[in-house]
Structure formats: structure tokens, C-alpha cells
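Thanks for making the time this morning. I would like to walk you through one model, starting with a single strand pairing and working outwards from there, so please have the coordinates open as I speak.

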Amino acid sequence: MLEVRNLSMRFGGLLAVDQVSLDVQEHEIVSIIGPNGAGKTTVFNCMSGFYRPTGGQILFEGREIQGKPDYKISRLGLVRTFQHVRLFSKMTVVENLLVAQHRHLNTNLIAGLIKTPSYRHREQQSLDRAAYWLDRVGLLDMANREAGNLAYGQQRRLEIARCMVTEPKLLMLDEPAAGLNPAETRDLNQLIISLKEDYNVSVVLIEHDMSLVMEISDRINVINQGRPLASGTPDEVRQNDDVIKAYLGEA
Amino acid sequence: MAAHNLKHALFCAMVTLVIAYPILGLNLEAEGTQVILEGADTLTVVSVLVAALAVFLFQLFRDTIMGSLGKLPAINPFAHREPMEQNKRQRLETIALLILVAVALVWPFFVSRGSVDLATLVLIYIMLALGLNVVVGLAGLLDLGYVAFYAVGAYTFALLHQYFGVSFWVALPIGALLAATFGFLLGFPVLRLRGDYLAIVTLGFGEIIRILLNNMTWLTGGPNGIGGIPDPTVFGMEFGRRVKEEGNVSFHEMFDVAYSGSHKIIVLYLIALVLALFTALVIRRFTKMPVGRSWEALREDEIAARSLGLSRTAVKLSAFTIGAFFAGFAGTVFASKQGFISPESFVFLESAIILAIVVLGGMGSQLGVILAAVAVIILPELAREFSEYRMLIFGAAMVLMMVWRPQGLLPMRRIHIELNKQE
């Protein structure tokens with residue numbers, strides 16, 4: 001459903017991403033790994049429209065999306081999280097989820113001002129969806145807390161819930177396990193697998209936590225210094241000599 | 001630490017002396033054709049020295065003083081009380097607000113004309129501050145040229161009346177919509193700007209409008225302003241002694257009561273009250289709607305908001321447009337209240353005062369902004385003897401507020417949203 005062909009991104013004299021290709025099928029978890037500074041997040045930023053790639057093609061469900069503005073890409077169903085949590089921290093947890101659903105809501109000002117029945121109905125729907133996802137990530141009791149006051153692990157889960165209420169087709173997670181303790185990482189594992197199994201969402205994952213990556217990925221792409229190094233199933237990647245040398249370490 | 005404090009305190013005292021002595025301690029006296037410099041009397045010199053000493057002592061013990069200032073809220077007996085239950089509090093608030101509105105409706109019939117006139121001015125500022133609160137408090141876009149939209153509203157009414165004889169009620173929506181259009185137009189060039197840059201551009205915009213009004217003498221009369229702006233009518237009734245427009249009747253003849261000059265003022269007050277209430281209710285509703293939440297989302301984190309499919313263009317433009325709309329409202333009422341407007345009423349200071357009201361009240365908080373509007377407009381009127389020191393007191397109040405209560409008088413409270421439990 002997503003295909004990246006020969007993606008390149010140049011910042012002045014620096015070629016941050018060089019001829020990277022990857023593809024994601026429906027119902028699949030694909031990981032991107034690589035050393036720090038390898039260009040993983042840059043690939044993400046190109047895919048989600050934050051950067052306009054200097055070369056290559058990105059096709060989502062057969063349509064070219066490279067260079068489209070970020071909010072339009074997100075409306076197509078390609079939604080991302082961030083390496084550093086980016087919540088609306090002064091808004092409550094449930095408001096965070098309501099904001100994310102705005103393209104499902106009638107944005108007609110007059111309808112909202114006089115509360116037409118169809119507006120109320122849709123408002124209730126988005127509240128229900130928010131409640132469902134809060135329950136799903138175990139934050140229902142925190143619904144009216146300010147998002148900035150949540151513990152770090154909870155903020156991570158809220159960020160994923162916030163993406164999920166937009167009903168994405170493809171979810172891009174940028175280091176979702178960063179800063180989580182082992183128990184929280186295990187929960188996250190379960191959650192990501194369930195996103196794929198129960199909600200039929202494909203996932204692209206950037207992650208440094210190898211236990212997480214190896215356990216849940218269907219396929220792995222390795223990037224080193226902006227260039228693709230290897231790709232394949234977790235087992236293939238684990239045994240690839242180049243990958244071991246560049247990244248996993250010879251132990 | 002102590003040595004550092006001493007050095008800093010000495011420096012501050014020096015600065016005080018250097019600034020205060022030439023300004024207060026030296027006088028220019030005209031002697032025939034010559035101007036000579038004279039030292040001021042002893043009292044002034046002594047006061048300058050005392051001021052320098054005060055600055056020195058304050059800076060020396062700054063940490064202690066600021067520390068105790070920070071503890072001040074603890075004096076408030078309610079500070080550590082358990083918060084009231086959600087629905088109980090809401091009911092109490094509703095009742096309190098209803099009583100407040102009822103009092104505001106009846107009150108003008110028992111007080112002097114001057115008070116009612118002042119109250120009308122307060123209501124105009126409440127409308128302005130509520131509108132700016134959308135732009136600055138909710139959407140987080142620092143707008144220093146807000147007064148331009150106020151001017152657009154006022155001048156729309158004045159010009160429409162002068163050239164086409166349009167009445168208040170027709171001019172009200174036109175003024176507001178035209179101001180909103182200007183807000184929309186200003187929104188375009190500043191889409192990509194944030195923070196300081198945005199502030200500078202909006203500041204420039206405010207000045208452009210004022211200077212245009214000043215210089216387009218063929219249309220606006222320039223610095224002479226426009227006079228003879230009519231008062232609002234109610235169902236074709238006028239409140240002056242004699243009917244000015246054909247077809248209208250005058251209020252005192254219609255109901256056969258003695259003519260009184262206060263009728264006109266009370267009616268204007270009531271109209272302003274209704275419009276201010278309308279403004280408050282509409283904006284309150286907006287904050288609970290998608291559009292209001294997306295303003296706040298953009299303020300909190302623009303990148304995250306865009307990654308969730310919110311268009312920066314639409315969100316920013318809607319904030320500017322809606323904020324400007326209510327400034328247009330206020331401008332129309334202002335023109336009608338004064339009967340005469342000139343570019344002098346729309347200087348930068350007005351923008352600064354409206355912004356100060358929003359910051360003092362607590363960004364985003366409607367009740368706070370209303371309280372602050374009342375305080376900022378009424379207090380200078382009460383302390384007329386000190387009018388020379390108005391700006392001094394104003395500045396000191398701002399500094400103290402920022403130290404003591406940076407979140408404003410009544411910080412914004414999040415709306416509690418009840419969710420259905422999942423089975």
C-alpha cells in the first residue's frame with residue numbers, strides 16, 4: 001500500500017537520505033533501523049510531508065504523495081507520531097483525542113453554534129471513539145487530566161491513541177519505546193501487534209530497542225549513513241554480515 | 001552571592017540617579033530671550049536620592065522580598081480548600097452569572113448618567129478583549145494591531161451614515177463583517193509567522209490603518225474625524241429630544257413620559273450589554289467546538305496539529321477573522337456612543353490596553369478577561385486625581401502581576417467532559 005522508490009533528501013551539501021526504497025503491504029509491520037544519524041527520521045519526515053524530498057517517489061495506495069503538504073497526507077490516512085512526544089499539553093487528554101477527529105466532524109460554524117441534531121450526533125460519535133481508545137490504552141480514568149501532567153509512558157500511549165482516533169490506514173511510529181521501562185515496552189509490543197491484528201492498520205516503525213523490533217516486525221529495513229544497507233525478515237537481517245558490522249555489533 | 005547582590009544594587013541605584021536627576025532635578029527657565037538651566041529645589045533632589053536609596057535596598061534584598069511575595073497567595077484562606085464538585089460548581093457558577101446579568105440589567109436605572117456611560121465603555125472593552133482573547137489567548141497569535149479592526153468597525157458605521165444615512169442596526173453587521181474581512185486579509189501575509197515576527201507585522205498593520213484614516217481626508221475627514229453619528233434606535237424610536245430622521249418617533253412622546261437625557265445613555269448601555277453577552281456566549285460556544293479546540297491545538301504544538309490533518313491556513317485565518325469580527329462589533333457601538341470619531345481614538349496604546357486586559361485576566365479565560373476589563377477601565381476613572389500617574393501605576397501593576405500571578409487573575413480552566421464508560 002505504501003511504496004517508496006529511490007527517495008533522496010539533500011540539505012545543502014549534506015545528502016541525508018540517498019536512494020532509499022522500501023514498501024509496506026497491507027497488514028504488515030515494517031521496521032526501519034540504523035545507527036543514530038542514519039537518516040531514519042528524515043525518511044519519515046519525507047513520507048509524512050514535513051520535508052519535500054529532493055528525489056524519488058512516494059506512492060500511497062497508488063497515488064504520488066511526495067511534496068504534498070503534511071495535513072493533506074495525514075488526511076489520506078498516513079499518520080505519524082514523533083520521536084519526542086508532541087501532545088497538546090495544556091489541553092485535557094480527551095480534548096487531545098477530539099482535536100484529532102476534526103476532519104470527521106462537521107466544521108460548519110453555524111451548525112455548531114445552534115447545535116443541530118446532526119452536529120450533536122457526530123460530536124457524540126467522536127466522544128465515544130475517544131472513550132473507546134482511552135479505555136484501550138488504559139487512560140480512561142485520566143480523561144480530564146491535562147495531557148502534560150501524565151507520566152511519560154502514558155503520554156506515549158496517548159500519542160498512539162490520538163493517531164488511532166483518526167482511523168489511519170498506515171501508522172508511522174518514530175521510536176515509540178524511547179524512554180519506556182521494560183514492562184511498558186512489553187505493553188507497547190502488545191498494543192502494536194493488536195493494532196495490526198484487530199484494527200487492520202499497517203505500521204512503519206523506527207526503533208532502537210532490538211527486542212521490540214525483532215519480536216514484532218514482519219520485515220526490517222536497515223539504513224546506514226543515508227543509504228539502504230539491507231532488508232528482509234528479522235532472521236535474515238540478524239544474520240546479515242553488513243548489518244552486524246554496522247549496527248548490531250560483533251558480539 | 002551577597003557581593004554580587006551589592007554590586008547589582010549599586011548599579012541599579014546609579015541608573016536611577018542617572019535617569020531621575022536630569023529629568024527631575026534640572027529645570028529649564030526662560031529668562032528674557034535666554035533659556036537657562038536651574039537646579040531644582042531641595043525637596044526634589046532629596047526625593048531623587050530617597051528613590052535611589054529605595055532601589056538600592058530593594059535590589060540588595062531582592063531575593064528575600066520576592067520570596068515573601070511568592071508566599072502571598074498562602075494568606076488567602078481559600079487557597080488550599082478542596083475543589084468543589086464538578087456539577088455543583090457549574091450550577092453555582094450559572095446562578096452567579098444569572099444574578100450578575102440581572103443586576104447589570106436593572107442597575108442603570110438607579111445610578112448617575114456618568115456611571116452608566118462609563119459602564120458602556122467597559123462593555124465595549126469587554127467585547128474587544130473577548131475578541132482578542134480568541135487570537136492571543138486561544139490561538140496563541142500575538143496581535144499588536146487589534147485596534148485596527150476596532151477602527152474599521154467604527155469608521156464603517158460613521159462613513160455609511162455620512163454618505164448613505166445608514167442606521168445603527170444595519171451598520172452593526174456590516175461593520176463586523178467588514179472588520180472580519182480585514183482580519184481575513186491580514187491573516188494571509190502572516191500565515192507563516194509566529195511570535196515576535198507576527199507581533200511586528202500586526203503592529204505595522206494597526207499603524208497602516210490609522211495612518212490611512214488620517215490621510216484619506218477626502219473620505220474620512222482625516223484628523224478632523226467624523227461627527228454626527230446617530231444613536232441607535234429601538235423599533236423606530238429615537239431617544240433624543242427631537243426626532244432627527246423622518247418616520248421615527250421619539251421615545252418620550254410615544255410613551256408620554258417626561259424627556260430625560262439619561263434615556264439615551266441607558267438604552268445604549270443595554271444594547272452594549274446585549275452585544276457583550278452575545279459575544280461572550282458565541283465565543284464560549286466556539287471554545288467547545290472543533291474550531292475552538294483546533295485554535296488551542298495550534299497554540300500548543302503546530303507540528304503535531306498539522307500531522308493530525310489540521311490545516312494551519314484554515315485555523316489561523318478563522319482565529320483572525322472571528323477575533324476581528326467582534327472588534328468590528330465593538331467599534332460600531334463605540335462610534336454610536338461617542339457620536340464623533342477620529343483616528344486619535346485608535347492609536348497603538350489602545351491595542352496595548354486591550355492586550356493588557358487579556359494578559360491580566362488570564363489568557364483564554366473569559367471570566368478573567370471580563371474582570372480585568374472592568375478593573376483596567378474603571379480604576380483609572382476612580383483615581384482621577386492621580387491621572388498623571390496612570391501609566392506608572394498601570395506598568396507597576398503589570399510587573400507585579402507577572403511576578404505574583406503570571407497566569408492571570410482567573411486562569412483558564414479546562415472544560416470537564418463526561419465520557420460514557422465502555423462496556
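Let me begin with Leu170(A), whose bridge partner in β8(A) is Ser202(A). That pair belongs to the ladder between strand β7 (residues 170–174) and strand β8 (residues 202–206) of chain A, which run parallel and are joined by five bridges. By strands I mean DSSP runs of E of at least two residues, and by helices runs of H or I of at least four, both numbered from the N terminus; two strands count as paired if DSSP finds at least two bridges between them.

Before going further, I should say that this is a predicted model, in which local features need pLDDT of at least 70 and side-chain atom pairs count only at pLDDT 80 or more, while totals for chains, interfaces and linings use all residues. Residues are numbered from 1 along each chain as its sequence is written, and chains are lettered from A and ligands numbered from 1 in the order in which they are written.

Back to chain A, where β7 and β8 sit in an open sheet of six strands, ordered β6-β7-β8-β3-β9-β10, with mixed pairing. At the edges stand β6 (78–80) and β10 (227–232) of chain A, each with a single partner strand, so one side of each has no neighbour in the sheet. On average, neighbouring strands here are turned by 20 degrees against each other, direction ignored.

Two helices of chain A lie across this sheet. Helix α1 (residues 40–47) of chain A crosses β3 (29–33), β6, β7, β8 and β9 (219–224), running at about 145 degrees to β7(A), whereas helix α7 (residues 182–199) of chain A lies across β3, β7 and β8, at about 150 degrees to β8(A). The axes are lines fitted to C-alpha atoms, for helices over the stretch in contact, and the angles run from 0 to 180 degrees between N-to-C directions; contact itself requires that the C-beta atoms of two residues, placed from the backbone, lie within 7 Å.

Chain A also has an open, antiparallel sheet of four strands in the order β2-β1-β4-β5, and its edge strands, β2 (14–24) and β5 (63–64) of chain A, pair on one side only. Within that sheet, β1 (residues 2–11) and β4 (residues 55–60) of chain A share five bridges in the antiparallel sense, with Glu3(A) opposite Leu59(A) in β4(A). Here α1(A) appears again, touching β1, β2 and β4 of chain A, with its direction at about 115 degrees to that of β1(A).

Now to the contact between the chains, which takes 35 residues from chain A and 25 residues from chain B. On the chain A side, α5(A) gives the largest share, six residues.

How many residues of α3(A) are buried? Eight of the eight are, so this helix is largely enclosed by the rest of the structure, where buried means that 20 or more other C-beta atoms, placed from the backbone, lie within 10 Å of the residue's own. What covers them includes α5 and α6 (152–164) of chain A together with α12 (290–300) of chain B.

Finally, chain B has 17 helices and four strands, and buried residues make up 36% of its 423 residues. Its C-alpha trace spans about 85 × 75 × 45 Å along the principal axes.

Technical notes. Buried ≥ 20, exposed ≤ 12 C-beta atoms within 10 Å, placed from the backbone.
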